[in-house]
Amino acid sequence: MPFLYRWSKSIQSALLGPACVLCHAPAPLTQDICADCKAELPWLQAACQHCALALSELAADRVCPDCRKRPLADRAIAALHYRPPADWLVTRLKFGARMPHARLLGDLLAERISAVDSPRPDWLVPVPLHPSNLRKRGFNQAERIARRLAEPLAVPIAVGGIERRLATERQSTLAASARRANVRNAFACDRDLGDAHVAIVDDVVTTGHTARALAACLRHAGARRVDLYAVARA
Ligand SMILES: [Zn+2]
Ligand SMILES: [Zn+2]
């Protein structure tokens, strides 16, 4: 079936052009989603400006109670709620290597960032994978998403010098306190960020512990401002 599916998909795209990754209807040349499916995506509307947590439209200053005490990022922008079909798009990218999903998710995030009035960073910093996870998966989904942002936003990706020292990907089974301890020293930044404004790029933000640990590491390396760009917020 997967073979037949891929075969029929490639015939279809050769004959008809690109198809929507969700319903397989013809999609615009520049995107991997049709207009109807795009309109029905779980767009994140009102959200905390420091962590992208969904807030009620009534929260005038757009800051969640946690960020009032300790903001996660200087500015956080996320495109979607981590709900169907956004969760499916992300999981099939990560565990099924569906690269058109990286393209689509990156494009949706780029659109969202472009619509927000916020200064552009000097660098994009995709959340690094631990080398053992990178070997297993063969690619870093955050880096693939960041690649789709670099051109439309005209911001380069920071390559090298930022590493993940602990394989903390699969920590959903750990208790919250163990997770926090687990990610605290998860990253190492061996480059001088010399007062730069950087933006972390990730597929999904759930607890925010990973982004917080990476942000601390980047600030320690000299970053003046750390933003967070995520496709989806749980
Ligand atoms: Zn569709
Ligand atoms: Zn917040």
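## The second zinc site

C48 is buried, with a relative accessible area of 1%. C51 also counts as buried, at 4% relative accessibility. In this predicted model, both cysteines serve one metal: the zinc ion (ligand 2) is coordinated by C48 (SG), C51 (SG), C64 (SG) and C67 (SG). The coordination distances are 2.2 to 2.3 Å.

The geometry is tetrahedral, because the 4 donor atoms subtend angles of 104 to 116 degrees around the zinc ion (ligand 2). For reference, the ideal angle for four tetrahedral donors is 109.5 degrees. Along the sequence, the donors of ligand 2 follow the spacing C-x2-C-x12-C-x2-C.

R62 lies in the loop between α2 and α3 (65-69). R62 is not a glycine, yet its phi is positive, at about 55 degrees. Its relative accessible area is 30%, so R62 counts as partly exposed.

## The first zinc site

The zinc ion (ligand 1) is coordinated by four cysteine sulfurs: C20 (SG), C23 (SG), C34 (SG) and C37 (SG). The distance is 2.3 Å. The site is tetrahedral, with angles of 103 to 117 degrees among the 4 donor atoms. The donor residues of ligand 1 are spaced C-x2-C-x10-C-x2-C in sequence.

What does the pair C23 and C34 tie together? Both residues lie in the loop between α1 (2-16) and α2 (35-39), so the pair joins parts that are 11 residues apart in sequence. Their exposure can be set side by side. C23 is partly exposed, with a relative accessible area of 36%. C34 counts as buried, at 8% relative accessibility.

## The parallel sheet

The protein chain has 9 helices and 6 strands. Of these strands, 4 form an open sheet in the order β1-β6-β5-β2, with parallel pairing. The edge strands are β1 (75-81) and β2 (123-126), and each pairs on one side only. Neighbouring strands of the sheet are turned by 20 degrees against each other on average, direction ignored.

Strand β5 (residues 197-205) and strand β6 (residues 225-233) run parallel and are joined by 8 bridges. Two residue pairs mark this register. V198 stands opposite V226 in β6, and A199 stands opposite D227 in β6. The route from β5 to β6 passes through helix α9 (residues 209-220), and this β-α-β crossover is right-handed.

Strand β5 also pairs with β2. These two strands run in the parallel sense over 4 bridges. Here P126 has V201 in β5 as its bridge partner. Is β5 enclosed or open to its surroundings? 9 of the 9 residues of β5 are buried, so the strand is largely enclosed by the rest of the structure.

## Helices across the sheet

Two helices can be placed against these strands. Helix α5 (residues 99-115) lies across β1 and β6. Its direction is at about 130 degrees to β1. Helix α7 (residues 141-153) lies across β2, β5 and β6. Helix α7 runs at about 130 degrees to β5.

Strand β5 therefore has helix α7 lying across it, and 9 of its 9 residues are buried.

## Backbone details

Which peptide bond is cis? The bond from P84 to P85 has omega near 0 degrees and is cis. P85 sits in the loop between β1 and α4 (86-96).

D195 has a positive phi of about 70 degrees, although D195 is not a glycine. D195 lies in the loop between β4 (187-189) and β5.

## The chain as a whole

The protein chain has 234 residues, of which 48% count as buried. Contacts across the sequence were also tallied for residue pairs at least 6 apart. Of these contacts, 69% join residues at least 24 apart.

Definitions and conventions:
Residues numbered from 1 in each chain as written. Chains lettered and ligands numbered in written order. Predicted model: local features only at pLDDT ≥ 70, side-chain atom pairs only at ≥ 80, totals over all residues. Heavy atoms only, no water. Pairing = 2+ DSSP bridges. Axes fitted to C-alpha atoms, helices over the stretch in contact; angles between N-to-C directions. Contact = heavy atoms within 4.5 Å. Donors = N, O, S within 2.8 Å, 3.2 Å for Na, K, Ca; no water. Tetrahedral: all angles 85-135°; square planar, octahedral: opposite > 155°, others 65-115°. Buried < 20%, exposed > 50% of the residue type's maximum accessible area, 1.4 Å probe, protein only. Right-handed = clockwise from strand over helix to strand, strands pointing away.
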